[in-house]
Amino acid sequence: MGSEYVMLTFGAVVAAVFVFRDSLFGTSSKAPPVVNNVKPAVVGGGDPRDFVARMKAGKKRLVIFYGSQTGTAEEYAIRIAKEAKSRYGLASLVCDPEEYDFENLDAIPEDCAVIFVMATYGEGEPTDNAVQLMQNLEDPDFNFSKGEHRLDGLKYVVFGLGNKTYEHYNLIARKTDAKLEEMGATRLGPRGEGDDDKAMEEDYLEWKEQMWPALAEALNVEEGAGGDTPDFVVTEEIHPDEKVFLGELSARALNKTRGIHDAKNPYPAPILATRELFRVGGARNCVHIELGIEDSGIHYQHGDHVGVWPTNPEIEVDRLLHSLGLWERRATTINIISLDPMLAKVPFPVPTTYETVLRHYIDISAVAGRQTLGILSKFAPTEESKEKMIKLATDKEHYHRIVAEGCLRLGQVLQYVTGHDILTPPTAQNTTAWSIPFEVIVSCIPRLQPRYYSISSSPKYSPKAIHVTAVVLKYESIESPDVPARWIYGVGSNLLLNLQYAHKSMQKNDPEEPMIAEPVELERSHVPHYAINGPRGAYNVDSIYKVPIHVRRSTFRLPTNPRTPVIMIGPGTGVAPFRGFVQERVTLAERTIAKHPETGISDWGTMWLFYGCRGANEDFLYKEEWPKYAEVLGDKFSMHVAISREGPRKPDGSKIYVQDLLWQQRDQIREALVDKKGYVYVCGDAKNMSKAVEHVLMRILGEAKPGGTAAVEGQKELNALKEKSRYLTDVWS
């Protein structure tokens with residue numbers, strides 16, 4: 001057919017026409033209006049919250065609900081829908097449960113099935129968008145359309161997303177499964193459980209190969225009934241420059257119109273101040289950065305999280321542009337249309353350009369997934385590279401050794417299988433171009449998501465700025481015979497480090513100041529640099545750098561009554577939210593003392609802070625601040641620091657950590673929790689520290705009971721604290 005083929009485009013929300021376009025060189029003189037993920041109307045009208053009506057109207061045999069907090073569960077839901085279509089020809093309706101009612105869950109036709117892709121959030125809680133769904137499933141008084149709390153005959157599938165370092169691993173998926181089974185529904189295949197601490201992708205791949213045959217048998221479909229059809233159509237078009245998205249995250253940002261700033265419309269926050277928190281010249285970095293929010297309409301509370309929207313490092317953008325043969329056309333304007341908006345929405349604003357998509361909109365910095373490599377293998381430029389790609393996609397151990405342990409991104413994999421050196425900066429001369437349609441890239445690679453950080457300030461203490469405390473992620477990959485070890489840099493934290501250097505240089509007005517934002521040659525790697533000026537220079541205005549952010553609410557809050565004792569355990573950057581907690585109490589204390597100078601805060605409960613670091617002069621975060629806070633709070637603030645590499649040791653010579661300090665203060669901790677009904681907050685490492693802290697607390701609480709033990713009475717008391725929201729965690733693996 002050459003370079004021309006028939007493509008489906010949409011002229012209006014309820015009408016479609018077939019038009020011929022030139023897929024590679026065609027242009028359009030008339031630019032269509034910018035549309036961002038318009039929800040399709042229900043055919044024939046009706047209740048837009050009735051998913052069964054939408055299934056029937058669209059001839060969908062699968063409905064897939066996702067409980068997602070950060071977008072990962074939604075990505076897996078879309079992947080399941082795409083594979084159902086390609087393998088079996090099954091059409092799916094992918095739904096955010098927040099947008100639908102569940103009274104008619106018992107009315108799904110017999111030849112259909114429902115799939116639940118459920119993430120577990122926080123302390124075994126449903127994600128925000130799945131709260132109502134879980135309430136409906138768990139409430140025995142909630143009746144479905146037939147007047148009963150029964151789902152007899154319903155066919156369902158469950159895949160959960162969790163992390164084994166957390167206590168309530170995949171609890172929501174397990175609850176969903178148990179409740180559906182209890183109501184008479186029939187599960188197809190095993191319940192899937194993905195572990196984000198190990199290999200979520202491998203867990204998913206292993207599970208789906210058991211699930212699909214069971215689903216196919218139940219729905220009486222055969223593999224091969226689907227077709228290899230794309231999800232999107234990408235066309236090169238001509239649009240007015242001012243209508244083209246060059247990295248703007250919303251239409252309001254492009255058009256410079258005011259509006260609410262949230263996850264759908266992040267705020268470009270100016271950097272007011274920044275400093276290095278670790279020892280200058282050391283091997284590690286920790287960035288303190290203050291982001292202005294004055295007149296933005298953004299409000300936050302202590303304990304909230306701030307989402308920072310990153311970009312991909314320029315070297316990876318260049319690598320993929322060369323690998324896809326798009327270097328010369330990188331600034332070409334493209335439009336993208338979904339062939340089935342109910343299945344796959346265009347994940348970012350359009351029209352845009354090739355390089356903008358790779359820089360701002362899709363996550364090309366993640367380790368390449370095995371399933372993605374399998375999809376792309378058919379486009380390999382040579383038989384040899386195709387064989388290498390297929391081996392990576394099908395041989396789990398080989399993939400793990402080369403790609404997973406080597407931390408190879410997609411562009412690096414494309415270079416690796418064609419025999420190129422991934423350590424050499426990519427050029428047209430040292431990078432073989434693949435003929436991968438760009439719509440396949442858009443379909444395979446998920447949207448670049450914000451990176452979340454615990455806010456390290458209080459709005460009472462810092463009402464016009466959000467403070468972020470971020471340790472910069474840098475680690476060494478595992479060497480293999482084919483892939484040398486090299487330094488791997490986290491996307492979000494290294495972007496903040498770039499901004500720190502750039503801000504310092506700008507403030508000093510010293511162009512000779514060493515800037516990490518410029519390419520720096522290092523042995524075995526290249527320090528990443530980013531397009532920190534932003535789209536159209538929007539993130540560098542009047543010599544002030546900006547970064548797009550939004551605030552995510554949290555339940556990690558101080559008790560409202562300051563008389564309640566508070567125990568905070570946060571080694572390393574786990575201390576970040578507790579800086580905000582202490583600032584909150586300091587501000588309130590100053591007001592209380594000014595109002596009641598005689599009594600002051602004498603009846604307040606004590607704030608205990610257990611903190612840990614490596615060295616007093618190496619990584620003791622905010623070392624100079626804590627004494628100032630203590631001057632205001634007096635004996636109502638008690639800080640205990642474990643300095644693991646310099647401080648005293650245990651009798652057996654082992655290091656002392658925060659859990660050991662907790663045990664040293666066991667009498668006071670017991671009194672604060674048992675007698676004074678105090679609260680416990682833990683922030684930091686989920687894999688080791690938080691478990692060790694729990695063990696110590698169980699021991700303290702258990703021994704507070706006559707003849708009690710940590711395993712029995714201690715566990716019971718700790719569970720009671722959790723149920724009463726007096727034990728709260730903000731941990732990560």
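Is cysteine 683 buried or exposed? I looked it up in this predicted model: cysteine 683 comes out buried, at 0% relative accessibility.

**Cysteines.** Next I checked for disulfides and found 0. For cysteine 683, the closest cysteine sulfur belongs to cysteine 286 and sits 12 Å away, so that is too far for a bond. I got a similar story for cysteine 95: its closest cysteine sulfur is in cysteine 112, at 13 Å, again too far for a bond. Cysteine 95 counts as buried too, at 1% relative accessibility.

**Helix H8.** I then went to residues 354–361, which make up H8. I find 8 of its 8 residues buried, including Glu355, Arg359 and His360. What packs over them? I noted that the cover includes helices H7 (314–323) and H13 (438–444), along with strands E10 (232–236), E14 (333–338) and E15 (352–353).

**Binding site entry.** I pulled the UniProt "binding site" feature, from an unreviewed entry; it lists Arg284, Thr573, Ser644, Arg645, Lys655, Ile656, Tyr657, Val658 and Gln659. These span 376 residues in sequence and the farthest two C-alpha atoms are 24.4 Å apart, so they do not all gather at one spot.

I looked at two of the listed positions. Lysine 655 is in the loop between strand E26 (637–643) and helix H17 (658–664), and is partly exposed at 27% relative accessible area. Beyond its neighbours within four places in sequence, I see lysine 655 in contact with Ser644, Arg645, Arg649, Lys650 and Asp660. Glutamine 659 is in helix H17 and is buried, at 15%. Setting aside neighbours within four places, glutamine 659 is in contact with Ala692, Val693 and Val696.

How values were computed. Residues are numbered from 1 along each chain as its sequence is written. This is a predicted model: local features need pLDDT of at least 70, side-chain atom pairs count only at pLDDT 80 or more; totals for chains, interfaces and linings use all residues. Side-chain values use heavy atoms; hydrogens and water are left out. A disulfide is a pair of cysteine sulfur atoms within 2.5 Å. Buried means under 20% relative accessible area, exposed over 50%, partly exposed in between (1.4 Å probe, protein chains only). Helices (H or I, at least four residues) and strands (E, at least two) are DSSP runs, numbered from the N terminus. Contact means heavy atoms within 4.5 Å. UniProt positions are given in the numbering used here, feature names are shortened, and annotations may be inferred rather than shown by experiment.
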